[in-house]
Amino acid sequence: ISADKELKKPKKKSPKVCGYPISIFFIVINEFCERFSYYGMRAVLVLYFKYFLRWDDDFATTIYHTFVALCYLTPILGAIIADSWLGKFKTIVYLSIVYTLGQVVLAVSAIHDITDTNKDGTPDNMTFHVALSMVGLLLIALGTGGIKPCVAAFGGDQFEDHQEKQRGTFFSIFYLSINAGSLLSTIITPILRGQECGIHTQQQCYPLAFGVPAALMAVALSKDSTGSNRTPVPHFILVNTMLIGNSSLQLCSSSFAIKNRFRHRSSQYPKREHWMDWADEKYDKLLIAQVKMVLKVLFLYIPLPMFWALFDQQGSRWTLQATTMDGDFGGLTIQPDQMQTVNPILILILVPIMDSLIYPLISKCKLNFTPLRRITVGMFFAAMAFVVAAVVQLQIDKTLPKFPSNSEMQVKFINAVNRDVQVTAGGHDLPLKPLTVLYSTSLHVLFLCLQFEDITKKPEQGANAIRFFNGFDTALNVTVGDKEIGYILPNNMSEYTSVKHGDAGYWIRNDAGLECFVKQELGFGSSYTLLIPPTLTFGGKKILDIEPNTISMAWQIPQYFLLTAGEVVFSVTGLEFSYSQAPSNMKAVLQAGWLLTVAFGNIIVLIVAEAATLEDQWAEYILFAALLVLVCIIFAIMAYFYTYIDPAKIEAHFANTEYGEKERKKSLEMAKKASFQHQDEDKKGSDSSSDEEEESKQSKM
C-alpha cells in the first residue's frame, strides 16, 4: 500500500487549549480562508457570466449550477485518494495547489484588455476568455471538491475517543468558520467587482474580484504547509486509516457480493440476512460490517439532494431576482450579489442560538429531537422559503415593464417644441401640448415625424438608461458625470447611456458658450429620455421610459431567514451525523457521500428548469417548494425506520470476535501439533522396545 510514512507512526496526543486540541484552531483558520476564496468567487460568478461573457439568464444559471455540481461530485475522488493512497493531510495540501492555480487562471480570464485590440472596452476574442474561464473553473472544482471531505474528517481525527462532546462543538465551530469566510467574501468581493479597472478602458473589475479570493487560497495553502510533522506547530494527528482497511477494498467487496449473489440466485441456495453477506467467502466479517454501515447511511441520503436544489439557487435565481429590485437600504446601497451575505450573517447568529438555547430547551421539554428529525425540519423550512420567494416574485412582476412581442407595434408621441401639435392615430386627432408625451405604447418613439428606437429591456445591473433629444437649433455637447456623450445634432437623439443610481448631473453646452446643468435623482433600473427644448433656460423635460425598481431587496430577507434556519438544522446536523455513523476507515468517504448530495441537487436544478419550461419565475419557485415537501415526507418515513449505531462498538465486537477465533485456531493447531509429537514419541519408544527384544533373542541363541 502506498501511504504516508508518518501514518505508520503511533498516534500522538496533540497539545490542548481549553480542552481542545491546538491543531483544530489551525484547521478552522484554514477553512475560513478556503471558504472566503470559494464563496467570494462564487458570489460574482453568475453576474460574470451574464455581463462579461454576455450569456443570457438561463444559460448563465445552467453553467453556474453545472460548476457547483462538479464541485460536489469531485469529493468522492478526494475521499478515495485520502483513505486509500495519500492520507487526508497530503490530499489537502496537493489539491490546494490545484485549487489556487484555478483561481489565478479564472482571474486572468476576466482581464478584458488581453484581447481588446481595438481598445473599445469589449474583448475581441470572447472564445479565449470563455475557454480560460472554463479551465479555471474546472481546476477550482477539482481542488475544492477534492479537499472538502478531508478537512472536516481530518478535524474530527484530532479528538480522542472520550472527547465526543468537544468533537460535536468542533463541527459547529467549523461550520461557523465556513460562514464567517462566506460572510466577509460576499461583502467584499461585490465591492471589488464594482470598482472600475483596465488599461485602455475602465470596466467593472472582475479580475480584482477573482484575484483576492486567489490570494486567500494561497494563505490557506500556507497554513496547510505548516502542518507537517517537521514543524512543532500545529501538531496534527495523522490517523492511519490504511492499517484498519482500504476504502477501495470495501467498494470491491460490495461488487463481489453482488456478483456472488447473482451466481447463487437459484432457490436451492439458502437466503442470507443481508446481500453483503454473500461477500464473506472472500472478505472478513469486520470489513463486511463496515460496508453495511456505510450503505445504510448512503441509502438514507437518497432524498437529500432536493434540499440542495433549492439552497444553491441563492447564487443564481435569487441573485437574478435581486437585480430587478431596489437596492436602497435607507441610504445604504446594496448590490444584488451582496444579498447573499444575509445567509452567513444569519448562520453566525442562528448556530449559537440553536446550540445553546433551542436544542437544550427542546431537550428539557423531553422531546426526542434526533438528528434525522432535525434534517426533516430543515427541508420543510427550505420549502417555505421558496413559497415566500414566489410571493415576492409576484410583486416584482407587477412592477416590470411589459414589452411588446414581435407581432406588436407600440408607439408613443413626444412633442419637443414650444407649440401645440396635432397627432392623428387610428383615425383620431389627438392634441399634444408642448414638451409632453402621449403614450400609445413603448417600442418606437416619433418626434414630429422623426422615428427613433426605444429601449427594449430593463437596464442591466440596477443601472439607469439615459438618452437626450436635442430640440435646440444648434448642436449640443452633453456630459454625464465624468463621461462625455459627445455632440448631438438638432432634432436628433443620443444613444442610451448607463448611469449609476443616486444623484446624477448633466452638463449641456453649445459652441456659443450657452450651458446649463441638470440634476436628477435616479433609482435602480429606470430609463429616461431628456428633452432639450429650443431654449436652455430650464434644462429640459424628463420623460420616463421605464419605471425604476420599486420592490426593496429587504423583502428577500424573510426567504433568506427561512432558508438559513433550514440550513442550520439540516447541514450542521448532517456533517455530525455523517461522521458519527461512519466506520473508522470510511469517514472521509461518507463525508464525500454527504457532499455528493449537493452535486445531485444542482443537477436537479438543471433538469427541472429545463423540463418544466415555465414562463413565470414564481411558478418555478412553487414547483421546487412542492417537490421538496414531497421529498420531506418520504425522508421522514425513511428516518422513522432508521436505527442509530455506534461504529466503534461494532468494530470492536468484530475485532474481538476475530481475535478470539484466531486464538482458538492457534490453540487447536498447537494442541494438534503437540498430539502429533506425542504420537511420534510413542512410536519411537515402541520401535526401541522391539529392537531390544530382538537383540535379547539373538544373544540367547
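This is a chat about salt bridges and a nonpolar surface patch in a predicted model.

Student: How many salt bridges does a search of the whole structure find?

Tutor: In this predicted model, the search of the whole structure turns up nine salt bridges.

Student: Which residue does Arg35 form a salt bridge with?

Tutor: Its partner is Glu31, and the closest N and O atoms of the two are 3.9 Å apart. Arg35 and Glu31 are four residues apart in helix 1 (residues 23–43), so about one helical turn separates them.

Student: Is Arg35 buried or exposed?

Tutor: Arg35 counts as buried because its relative accessible area is 3%, and Glu31 is buried as well, with a value of 7%. Glu31, Glu34 and Arg35 are also linked in a network of salt bridges.

Student: What about Arg317, which residue does that one pair with?

Tutor: Arg317 forms a salt bridge with Asp58, with 3.5 Å between the closest N and O atoms. That pair links distant parts of the chain, since Arg317 lies in helix 13 (residues 317–322) and Asp58 in helix 3 (residues 57–73), 259 residues apart. Arg317 is buried at 11% relative accessible area, whereas Asp58 is partly exposed at 46%.

Student: Switching topic, which residues make the nonpolar surface patch?

Tutor: Val104, Val108, Ile111, Ile114 and Phe128 make a patch of about 350 Å².

Student: And where is Ile114 found?

Tutor: Ile114 sits in the loop between helix 5 (88–109) and helix 6 (126–157), and this residue counts as partly exposed because its relative accessibility is 41%.

Methods
Residues are numbered from 1 along each chain as its sequence is written. This is a predicted model: local features need pLDDT of at least 70, side-chain atom pairs count only at pLDDT 80 or more; totals for chains, interfaces and linings use all residues. Side-chain values use heavy atoms; hydrogens and water are left out. Patches are made of residues with over 30% relative accessible area and no salt bridge: like charges are joined within 9 Å, nonpolar side chains (Val, Leu, Ile, Met, Phe, Trp, Tyr) within 5 Å. Accessible areas come from the Shrake-Rupley method with a 1.4 Å probe; for residues, only the protein chains shown count as cover. A salt bridge is a side-chain nitrogen of Lys or Arg within 4 Å of a carboxyl oxygen of Asp or Glu. Helices (H or I, at least four residues) and strands (E, at least two) are DSSP runs, numbered from the N terminus. Buried means under 20% relative accessible area, exposed over 50%, partly exposed in between (1.4 Å probe, protein chains only).
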